[in-house]
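Here are a few exercises to work through with the model open in your viewer. Try each task before you read its solution.

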Amino acid sequence: MAATPSRFSDLPRFLCNKLRFVKQMSACPQDVVRLHLGSPTFLVNNADDIAYVLQHTNDLYDKSPRISGATARDLFGDSLIAADAASHTARRKLLQPLFGTAQVARYADDIVTLTNAAMRRWRDRGVIDMREEFMQLPLRIIITATLGIQSDNDMNVLMRAVTARRRYIERILGSRIPYARYFSGPLRHDFAAAVSMLRSKVEQRLRNAEPQAAAKSFLARLMASRDGTTELSDAQICDEIITVLAAGHETLGPALAWAHWLLATHPETGRRVRREAIDIGGDGALTADHMRHLQYTRAVFDESMRLYPPTWLFLRFARRDHTLPSGATIPTGAKLYLSQVGIHHNPLYVDTPDTFNPERFHTPKRENRCPGSYFPFGGGPRACIGQHFAKLEAVLILATVTRAVRFEICDNTTPRAEGGITLRPAGPVRARVVDW
Ligand code: HEM
């Protein structure tokens with residue numbers, strides 16, 4: 001007779017390698033797998049259940065207290081991402097108008113200009129680390145879009161501060177030690193200095209009339225949207241801007257690194273992306289209007305995020321006893337893990353799950369997808385508010401870069417994926433930059 005697992009029997013495997021453990025548990029045939037991690041915890045493997053949990057976040061589920069609520073304020077300030085269920089809807093309503101498809105289209109020229117500048121640097125260097133470079137590029141882009149930065153000096157100072165803040169948050173959220181923020185030494189000091197510098201930069205811009213060039217920035221538009229009744233305070237605007245600076249690059253970075261690595265290792269797909277960019281844009285700068293025609297490039301990005309979803313695991317807490325669509329009963333206070341990396345590779349929902357095949361997202365196939373079986377941007381009321389921006393940016397970068405250059409990967413092995421806050425290559429991914 002098999003021994004009954006103890007309350008904590010899964011904890012060593014979970015702590016030792018969370019990504020490997022979640023992949024193993026995602027391969028279990030049950031719709032909802034009980035994890036023995038202490039308090040009642042489940043991994044949801046059924047796409048209908050996942051869609052249900054996403055849709056009912058805020059009414060039936062809370063986000064993790066590490067990411068939202070009072071304890072998260074220290075890391076994220078008073079911002080949308082950290083808002084608890086009670087305050088989230090109103091805050092989201094205030095910010096949503098900034099992030100529509102038409103609104104983000106105005107950043108297309110910045111995206112393309114900064115991508116071309118990055119390519120000039122890469123060509124000069126000859127060999128680059130894709131993991132690092134594709135983190136830096138979206139960071140420059142989001143700083144420009146958010147604050148309308150014009151000088152190299154400002155850009156460098158802000159890049160250093162956003163990076164120091166990110167490193168600290170990664171360390172704290174990835175730590176196995178409770179209350180890790182009280183034991184984080186110099187990183188904590190760098191974090192505090194970075195946040196105070198970012199605040200002062202935003203406040204400076206809030207106080208002074210913005211130069212014309214910056215008028216389209218998120219900050220300028222947030223200020224212009226104040227209507228006197230539901231306006232955000234200066235401190236809340238600072239926190240939102242700092243959140244967007246972080247959220248706007250830390251997921252896109254790994255997404256772009258994986259997508260370009262996949263193109264480099266699937267040369268026929270790379271050539272097809274290039275042909276599409278030439279057919280649609282000739283040799284001129286690609287624009288937001290080209291987006292809807294860059295269908296194959298978009299399918300490459302979607303398929304890349306299926307294989308390597310930057311957000312690969314997140315948590316919800318049940319507010320009351322209930323039953324999921326699959327029939328599983330969930331008690332009050334239970335933790336539910338939802339894993340993109342698990343469901344995106346589940347053979348029940350996707351054929352040949354480990355094969356890179358952008359065709360499965362190429363119209364009209366993309367419409368036949370079961371909701372909940374693919375959710376790189378989450379879903380429901382807390383779905384990624386920046387997803388139109390992310391898609392615009394990723395497709396324009398992929399098309400602009402692939403039209404001009406190809407990458408030859410220096411090391412022939414597949415990069416190991418590391419499951420931290422995001423799913424990223426565990427080490428540098430060195431590649432030669434070669435003109436076609
Ligand atoms: C490939 C790129 C991106 C991915 C994969 C991604 C993924 C996600 C996911 C999965 C969530 C929901 C988390 C949860 O429900 O717990 C989320 C939320 C969020 N994302 Fe993104 N994101 C990306 C890019 C962006 C960009 C470019 C921005 C800003 C310009 C952004 C801003 C936000 C914000 C503010 C939230 C919180 C939304 C809320 O709680 O209402 N993200 N993102």
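## Exercise 1: Two partners of one helix

Task: Describe how helix 7 packs against helix 8 in this predicted model.

Solution. Begin with the geometry: helix 7 (residues 108-125) and helix 8 (residues 130-147) pack with their axes 10 Å apart, at an angle of about 145°. Next comes the handedness, and here helix 7 passes helix 8 in a right-handed crossing. Now list the residues that meet. Helix 7 brings Asp110, Ile111, Leu114, Thr115, Ala118 and Trp122, while helix 8 brings Glu133, Leu137, Arg140, Ile141, Thr144 and Ala145. Sorted by class, this contact of helix 7 with helix 8 has seven nonpolar, two polar and three charged residues.

Task: Which residues make the contact between helix 7 and helix 17, and at roughly what angle do the two axes cross?

Solution. Take the angle to start with: the axes of helix 7 and helix 17 (residues 387-404) cross at roughly 40° and come within 10 Å. Angles under 35 degrees would count as roughly parallel, so helix 7 is oblique to helix 17. Their crossing is right-handed. On the helix 7 side, the contact is made by Ala108, Ile111, Val112, Thr115, Asn116 and Met119. Helix 17 answers with Leu392, Glu393, Leu396, Ile397, Thr400, Val401 and Ala404. By class, the contact of helix 7 with helix 17 has nine nonpolar, three polar and one charged residues.

## Exercise 2: Another helix pair

Task: Is helix 14 oblique or parallel to helix 15, and which residues make the contact?

Solution. Helix 14 (residues 267-281) and helix 15 (residues 295-307) have axes 8 Å apart and pack at an angle of about 140°. Roughly antiparallel would need an angle over 145 degrees, so helix 14 is oblique to helix 15. The contact is made by Thr269, Arg272, Val273 and Glu276 of helix 14, together with Tyr296, Thr297 and Val300 of helix 15. Three nonpolar, two polar and two charged residues make up this contact of helix 14 with helix 15.

## Exercise 3: Into the core

Task: Find which residues have the most contacts inside the largest nonpolar core.

Solution. The largest nonpolar core has 109 residues, and those with the most contacts inside it are Ile241, Ala394 and Leu398. Helix 8 gives the most to this core, with 10 residues. Now look around isoleucine 241: leaving aside neighbours within four places in sequence, isoleucine 241 is in contact with Thr146, Val202, Phe218 and Leu219. For background, nonpolar side chains tend to be buried together in soluble globular proteins.

## Exercise 4: Single residues

Task: Is lysine 63 buried or exposed?

Solution. Locate lysine 63 in strand 3 (residues 61-63). The cut-off for a buried residue is 20 or more other C-beta atoms within 10 Å. Lysine 63 has 22, so lysine 63 is buried. The C-alpha atom of lysine 63 is 8.9 Å from that of alanine 82, 19 residues apart along the chain.

Task: Compare the settings of asparagine 58 and threonine 352.

Solution. Most residues other than glycine have a negative phi. Asparagine 58, however, has a positive phi near 90°, and threonine 352 has a positive phi of about 35°. Asparagine 58 sits in the loop between helix 3 (47-55) and strand 3, whereas threonine 352 lies in the loop between helix 16 (340-343) and helix 17. With 19 C-beta neighbours inside 10 Å, asparagine 58 counts as partly exposed. Threonine 352 has 9 other C-beta atoms within 10 Å and is exposed.

Technical notes. Residues are numbered from 1 along each chain as its sequence is written. This is a predicted model: local features need pLDDT of at least 70, side-chain atom pairs count only at pLDDT 80 or more; totals for chains, interfaces and linings use all residues. Axes are lines fitted to C-alpha atoms, for helices over the stretch in contact, and angles run from 0 to 180 degrees between N-to-C directions. Helices (H or I, at least four residues) and strands (E, at least two) are DSSP runs, numbered from the N terminus. A crossing is left-handed if the near helix is turned anticlockwise from the far one by less than a right angle, and right-handed if clockwise. Two residues are in contact if their C-beta atoms, placed from the backbone, lie within 7 Å. Ala, Val, Leu, Ile, Met, Phe, Trp, Tyr, Cys and Pro count as nonpolar, Asp, Glu, Lys and Arg as charged, and the others, Gly among them, as polar. Angles under 35 degrees count as roughly parallel, over 145 as roughly antiparallel, 65 to 115 as roughly perpendicular and the rest as oblique. A nonpolar core is a set of buried Ala, Val, Leu, Ile, Met, Phe, Trp, Tyr and Cys residues joined through C-beta atoms within 7 Å. A residue is buried if 20 or more other C-beta atoms lie within 10 Å of its own, exposed if 12 or fewer, and partly exposed in between; C-beta atoms are placed from the backbone.
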